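Below is a short exchange about side-chain packing. Please look at the sequence and the structure first.

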Amino acid sequence: MEEYAFIGLGLIGGSIAKAIRKVNPSAKITIFDHHAGEININKIGIKSGAELALEDGVANKVTGNIKDLSSADYIFLCAPVIKNIEYLKDLKPIIKESVIITDVGSVKNEIVTAAEELGLSSVFVGGHPMAGSEKTGYANSSDRLLENAYYIITPCHNGESIRKAQQLKELVASIHALPVILDSKSHDGTVATISHVPHLVACALVELVKKNDDQNETMRTLAAGGFKDITRIASSSPAMWRDICLSNSEAISNYLGELINSLSEIKNAVDEKSPEYISALFNDAGTYRSTIPNSKGLLNRYYEIFVDLADEPGAIASIATLLAVNSINIKNIGIVHNREFEQGVLRIETYDEEAEKKAITILSDHAYKIYLRH
């Protein structure tokens, strides 16, 4: 019987634990919670992820003693990067040689380097499940969250770590995620380009509007459609993104520099009114973007459809009722006032792809015209 241990049990750790429990019902799962055993003084009665995992049968045991993890075959570090490095130090004296210690952070080189410096390169293999949700915490975790999502695996520069990366790859595949092995520097450069820099750019665009808006907030009022879509990620957790930027500062700075150079070239082309440069820019970008797959990645996918709707009393209520009676939970619904770059008057957002597809079928069957964003 394989033993799994989790330090920290939020959305990602909880989803991994639930997926393991689903495919391996006999597994022993232990949760480390440094508050375990303390008197609960929370007056509003909010339970920890560890307590919830024990109640729903995902966890066999919750402990506040790090030594209770000594027999684990796999240890998942699911705390922030700095805390995970501290836990590596705590684990070093008590682990067995055959253990695989891994983490779930979105920056890899810092913790891989720390593991090597601590003499743990033979047991540590970095991990980054490329999935998430706007909702956080164990209560929102799911055994399906990682299905068909890329799961990056970054071994240390050690033969034993590379061998164990293959072992971790098998575990990841068993919970129906898509394992990809990369070295830690390549990983951090990749995520800096496709995730970290875009988040910073989104924030910069929002700040651009905020700083240049007039007293009547004309820009904010008219900002929708394309602008709101490309800046949606600016609403992500400030604390989490602060830590990511500090942990991956070198790669982020490098690609921000490249972006600044590109923007300078574009500015010059606009100043010079160069039709050739501007046409080539949009043609090349559009062609390359069309080759990007629609699978789950670092930026959370939004499940949304757009519906043509007559401006008459009860029109929105009719659609909401139709979806409700068919057990489709609507995450967000509203009129799109700025449709310069998209079709459809009513935007409907669902929680998952299954609900999105079901909504499309039902509304189409009732003669509603549907548009999808590509």
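What follows is a set of questions and answers on the nonpolar core and the aromatic rings.

Guide: This is a predicted model, in which local features need pLDDT of at least 70, side-chain atom pairs count only at pLDDT 80 or more, and totals for chains, interfaces and linings use all residues. Residues are numbered from 1 along each chain as its sequence is written, and side-chain values use heavy atoms, with hydrogens and water left out.

Visitor: Which element gives the largest share of the largest nonpolar core?

Guide: A nonpolar core is a set of buried (under 20% relative accessible area, 1.4 Å probe, protein chains only) Ala, Val, Leu, Ile, Met, Phe, Trp, Tyr and Cys residues joined through side-chain atoms within 4.5 Å. The largest one has 35 residues, and I16 and I20 are among those with the most contacts inside it. Helices (H or I, at least four residues) and strands (E, at least two) are DSSP runs, numbered from the N terminus. The largest share, six residues, comes from α1.

Visitor: How many residues apart in sequence are the parts that the pair of Y4 and Y74 ties together?

Guide: Rings of Phe, Tyr and Trp (its six-membered ring) pair if their centres lie within 6.5 Å, and planes under 30 degrees apart count as stacked, over 60 as edge-to-face and the rest as tilted. Y4 and Y74 are stacked, at 5.2 Å centre to centre with 10° between the planes. Y4 lies in strand β1 and Y74 in strand β4, so the separation of the parts they tie together is 70 residues.

Visitor: In which helix does Y87, the partner of F32, lie?

Guide: F32 and Y87 form an edge-to-face pair, 5.9 Å centre to centre with 75° between the planes. Both F32 and Y87 are buried. F32 lies in strand β2, and Y87 lies in helix α3.

Definitions and conventions:
Buried < 20%, exposed > 50% of the residue type's maximum accessible area, 1.4 Å probe, protein only.
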